[in-house]
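Visitor: I have a structure here and would like help reading it. Could you take my questions in turn?

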Amino acid sequence: MHVTVRDIQRRLSVAGHEYSAGYASLLYERIPIQELESALRAVDQGYPVPVLAGLLPFLGLDLKVTENVLMPGPETAALTRTTLVVLAEIEGSPSVLEIGTGSGAIAVSLAHHHRSARITATDISPGALEIAQVNAQKVGVSDRVRLIRHDCREHLDRVGPFDVVVSNPPYVATNDVAKLPPQWSMFTPRIAVDGGGDGLSLIRAVVRQAAQLLRAGGYLVLECDDGQRATVEEIIAESGSWAVRSLCGRAGEGRVIVARFAGVDVGKDSVEWGNLDSLMGSFATVESVYHDELTHGVPLSHIPPWSERTTPRAR
Ligand SMILES: C[S@@+](CC[C@H](N)C(=O)[O-])C[C@H]1O[C@@H](n2cnc3c(N)ncnc32)[C@H](O)[C@@H]1O
């Protein structure tokens, strides 16, 4: 049987799959021809292509993903890029805490793209930490990525303070998990998706931990759902003195929140956004680099670029 990469792309595209071009290349290169038909059937049922192929292109790196981890999407690439922009503002060797590292995609990419950053990455799942370890070694950054098994709802001892806390926590309300497409409702560990009754319980824990472990002037970079943005901004404001910005796509949906921490017991006037306002102006550049690197030829028309929308909320 002769199958071309275009045949696979056409089939994925007709079935309405995202990223048909990039995923067709992955399947073509990684799946033996005799297994292709059953692989395509699995993809039709929602099985993630990078898990089948054993490889996820992410910000210029080839990472391993398995059924034990959530497959990071374009929002998470934008979250990571945003964090790199923030890191570039910090002198010396910035220290970063990633909460809920999963495959390690964020932690490993940060360490790769910022050569002096030191990352501590936590996760509650031993299976996820194993994959994160593999990826840190694969990319050659395991000396700067420390992995810790930890439940973020509990206190994290003997680490910090950090310059940056970044997280893409589970944020889907328990009752909504079953309504997600099969990739997330069936083929992703529930613990990576389920954010509790209102979807916000892990976000609350992350914000709490950030307020405990960030040094004054440090940054929290957080992914959430667009519908949660206003509530998440309130949760952040209630935990101390912060300046908050939400970054939105062209369609106006806010998925990445950046907050700068002044402290818990300091007055609202001491919160300064500092250089970050000018940094936000560079998101157009970040966005185009991210597009190029993330996709390896994946059509991008449906991925909204990230542009600035500011909602100052200094307290
Ligand atoms: C949405 S996934 C994000 C994974 C990865 N950071 C990414 O962006 O691709 C959330 C991660 O949080 C982890 N997690 C869930 N509950 C947790 C908890 N209580 N403490 C720490 N990590 C938790 C899950 O195991 C999962 O790896």
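Guide: What follows is a set of short questions and answers on this model.

Guide: This is a predicted model, where local features need pLDDT of at least 70, side-chain atom pairs count only at pLDDT 80 or more, and totals for chains, interfaces and linings use all residues. Residues are numbered from 1 along each chain as its sequence is written.

Visitor: How many helices and strands does the protein chain have?
Guide: Helices (H or I, at least four residues) and strands (E, at least two) are DSSP runs, numbered from the N terminus. For the protein chain, the result is twelve helices and ten strands.

Visitor: What share of the 315 residues of the protein chain counts as buried?
Guide: A residue is buried if 20 or more other C-beta atoms lie within 10 Å of its own, exposed if 12 or fewer, and partly exposed in between; C-beta atoms are placed from the backbone. Of the 315 residues, the share that counts as buried is 45%.

Visitor: Why is α6 largely enclosed by the rest of the structure?
Guide: Look at the buried residues of α6: they are Ala105, Ile106, Ala107, Val108, Ser109, Leu110 and Ala111. The helix is largely enclosed because the buried residues number seven of the nine.

Visitor: Which residue is the bridge partner of isoleucine 99 in β4?
Guide: Two strands pair if DSSP finds at least two bridges between them. Strand β3 (residues 95–99) and β4 pair in the parallel sense over five bridges. In β4, isoleucine 99 is matched with threonine 122.

Visitor: Through which helix does the chain cross from β3 to β4, and what is the hand of this crossover?
Guide: A crossover is right-handed if, with the strands pointing away from the viewer, the path from the first strand over the helix to the second runs clockwise. Here the chain crosses through α6, and the β-α-β crossover is right-handed.

Visitor: Which residue in β5 stands opposite alanine 121?
Guide: β4 also runs parallel to strand β5 (residues 145–149), joined by five bridges. Threonine 122 of this pairing stands opposite isoleucine 148. Alanine 121 faces leucine 147.

Visitor: Which elements give two or more residues to the shell around the ligand?
Guide: A residue is near a molecule if its C-beta atom, placed from the backbone, lies within 6 Å of it. There are 24 residues around the ligand, and Pro72, Gly100, Gly102, Asn168 and Ala192 come nearest. The elements asked for are α6 (105–113) and β4 (118–123).
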